[in-house]
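Please open the model in your viewer and keep the sequence panel beside it, so that each selection can be followed in both.

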Amino acid sequence: MKIYKRKTTIYTLILSTMLLATACSSTQEPASNTTTPSPSSSPSPTATPATTSVASPTASPSAAPTASPVPSSSTSASTVSKQIKDMFELAKSGKVSGIPFAANTGLTDDVEKSWGKADKTESAGSGIYATYSKKNAVIGYNKGSQIIDIRSNDSKLHTLTLSQIEQALGKPNDTKVNGDDTIYIYKASQEFQLKFIIPKSTGKVDHISVFDTVHSINNMAG
């Protein structure tokens with residue numbers, strides 16, 4: 001019986017030792033598992049900026065096509081037409097764009113007070129014409145010092161053609177020829193005419209004139 005008890009005791013010790021060894025190994029395995037996820041989680045933050053850096057360049061090309069609209073020929077044609085029609089409207093009151101005087105109501109003294117003496121003065125037809133080169137203007141007076149003709153040779157006029165004028169205003173009321181120049185006359189009102197002077201050599205406007213048909217007669221004649 002004593003021998004049997006010793007064997008039982010020995011088996012019990014061996015079994016306990018094996019169970020302890022098994023328990024120790026099982027408790028160490030989770031520790032190794034807990035360290036495994038930590039390296040794998042670190043790449044995820046680096047992936048996020050990569051996606052944002054790729055997305056940002058794709059936004060700029062989409063905005064580029066809308067930034068450069070090309071003006072159509074119809075737009076420029078309408079602009080020229082408006083320019084010519086504006087000339088006609090001003091001519092109804094004896095005025096020309098860029099010149100602060102009006103035929104009929106303006107006087108020689110008004111021009112000289114504002115612009116000074118003319119570069120040159122000469123007689124032509126029923127009037128006296130004063131040239132102001134720096135103003136791109138020639139002002140015509142009757143013998144009573146009243147403005148009867150305002151002419152402009154502004155460079156903006158030099159691109160205009162007869163077809164553009166007729167497209168805006170229709171056919172002229174009258175046409176005259178003076179040497180190389182053809183004068184296309186439009187009746188702006190009962191008193192004023194708008195004239196486009198076009199040399200044959202260029203086919204484009206050299207200058208325009210707003211002419212007072214009523215007061216161009218010498219009102220000082222006795």
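The tour goes from the whole chain to a hairpin, then to two loop residues and the core.

Before selecting anything, note that this is a predicted model, in which local features need pLDDT of at least 70 and side-chain atom pairs count only at pLDDT 80 or more, while totals for chains, interfaces and linings use all residues. Residues are numbered from 1 along each chain as its sequence is written, and side-chain values use heavy atoms, with hydrogens and water left out.

**The whole chain.** Show the protein chain as a cartoon and you should find 6 helices and 8 strands, which are DSSP runs numbered from the N terminus (helices: H or I, at least four residues; strands: E, at least two). Along the sequence their order is α-α-α-α-α-β-β-β-β-α-β-β-β-β. With the surface switched on, the accessible area of the protein chain comes to about 14,600 Å², 59% of it belonging to carbon and sulfur atoms; the areas come from the Shrake-Rupley method with a 1.4 Å probe. Of the 222 residues, 27% count as buried, where buried means under 20% relative accessible area, exposed over 50%, and partly exposed in between (1.4 Å probe, protein chains only).

**The first hairpin to select.** Select residues 120-124, which make up β1, together with β2; the two strands run antiparallel and are joined by 5 bridges, and strands count as paired if DSSP finds at least two bridges between them. A124 stands opposite G127 in β2. The hairpin has 2 residues between its strands, and G125 in this turn has a positive phi of about 60 degrees.

**Two loop residues.** Most residues other than glycine have a negative phi. Move to N136, in the loop between β2 (127-132) and β3 (137-141), where phi is near 55 degrees, a positive value. N136 counts as partly exposed because its relative accessibility is 31%. Next select S145, in the loop between β3 and β4 (147-152); S145 has a positive phi of about 65 degrees, and at 35% relative accessibility S145 counts as partly exposed.

**The core.** Which residues touch the most other members of the largest nonpolar core? They are I139 and F196, in a core of 31 residues; such a core is a set of buried Ala, Val, Leu, Ile, Met, Phe, Trp, Tyr and Cys residues joined through side-chain atoms within 4.5 Å. Centre the view on I139 and, leaving aside neighbours within four places in sequence, look for its contacts (heavy atoms within 4.5 Å), including I99, V111, W115, I128 and I150.
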